[in-house]
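Good morning, colleagues. I should like to turn to a ligand site and then to some aromatic side chains; please look at the structure first.

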Amino acid sequence: MARVFSAIQATGGLHLGNYLGAIKAWVDGQDEADCFYAIADLHALTIPKERGEVGAHTLELAKVLLACGLDVNRCTFFVQSHVREHSELAWLMQCVTSMGELNRMTQFKDKTQNRKFISAGLFTYPALQSADILLYDTDKVPVGEDQRQHIELARDTAERFNSRYGETFVLPVASIPRAAARVMDLQDPTSKMSKSAASEAGTIFLSDDPKAILKKFKRAVTDSESEVRFDFAEKPGVSNLLSILGAATGSDPASIASGYSQYGPLKVDAAEAVIEALAPIQARIAELDNDPSGVRAALKTGADKARKVAGVVVERAKTNIGLLVD
Ligand code: AMP
Ligand code: TRP
């Protein structure tokens, strides 16, 4: 069975884009491969945070991911900082990654814009990400397009390590799910839905109630025509609605379009599909709110399983480098 690894940063306020673009593929992938999924809390520290903030977000995110359907009996789900090997291998990977490679990372360039304090961690972030992946002898890394460059760096540096020190790491490949919707903002359909949008009216949070969801869809920006057609370049608003409806119901957005001759019913159907998709998740979040120790127990199970695999790989790396063994 192929080994899969992916991680999501511990930031608050998950939205529909996170769910349809990433989390749903994690949940659906659980039985198709041996999956390791982590909450990347160490990566969250690369941008300065208040004391306690990352821990609170980690627990919240763990709850939501379990509510979305991650099942500790079908995957290994854990918090990155609970498995020390991530920090340990990150150092070894920093030493086979060049400044030039890190300088070329577009995410680093984006994240440093208008920022006064730029941590060294933000610069070496991709080396920690390489460690995350390589620790589990990963074959495939399901991520959004924005992460492709980081996965390619992990592969390049793993290859360099192997040729310097001997066969140590499995070379991973990125798998970018084709069907995963890139969900756009309902108020500005040319920008990605994001929790940091100017107005919350364009973002559907997983915690939004049915009334709020319907209202946001009804107010969604479309265009001044009335033709329903799947064409992101010419009709971004309408295409976004079709794409959300398609992703939520498992159908093809282009073929759904022919069923509509007006925007109103499309908006309502998209809202209802999202309300229906989120209802069981929201019910499960409410249950887990009353069971915080259950969430922690799930994370402990995952960390115990992850450590067993990661420990072996770090030792292999240190031995192959030829560090003096203790
Ligand atoms: P972020 O919160 O930006 O770190 O993203 C977490 C995960 O959700 C990543 O895998 C992203 O690719 C995915 N994601 C974030 N926003 C969207 C969006 N609007 N549409 C699709 N996927 C998204
Ligand atoms: N950098 C990824 C993001 O921002 C999160 C992440 C951390 C990750 N480690 C990873 C993704 C390892 C895939 C593999 O979305």
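A polar side-chain atom of Gln147 lies 3.1 Å from a nitrogen atom of ligand 2, within the 3.5 Å allowed for a polar contact between N or O atoms. This is a predicted model, in which local features need pLDDT of at least 70, side-chain atom pairs count only at pLDDT 80 or more, and totals for chains, interfaces and linings use all residues. Residues are numbered from 1 along each chain as its sequence is written, chains are lettered from A and ligands numbered from 1 in the order written, and side-chain values use heavy atoms, without hydrogens and water.

Tyr125 places a polar side-chain atom 2.7 Å from a nitrogen atom of ligand 2. For Asp132, a side-chain N or O atom is likewise 2.7 Å from a ligand nitrogen. The protein covers 90% of the 370 Å² of accessible area that ligand 2 has on its own (Shrake-Rupley method, 1.4 Å probe).

I now come to the aromatic pairs, of which the structure holds 8; rings of Phe, Tyr and Trp (its six-membered ring) pair if their centres lie within 6.5 Å, with planes under 30 degrees apart counted as stacked, over 60 as edge-to-face and the rest as tilted. Phe161 and Tyr165 form an edge-to-face pair, because their ring centres are 4.9 Å apart and their planes stand at 65 degrees. Phe161 also pairs with Phe169, at 4.7 Å between centres and 55 degrees between planes, so this pair is tilted. Elsewhere, ring pairs link Phe5, Phe36, Phe78 and Tyr136 into a cluster.

How values were computed: Polar contact = N/O pair within 3.5 Å; in protein donor to acceptor, adjacent residues only side chain to side chain.
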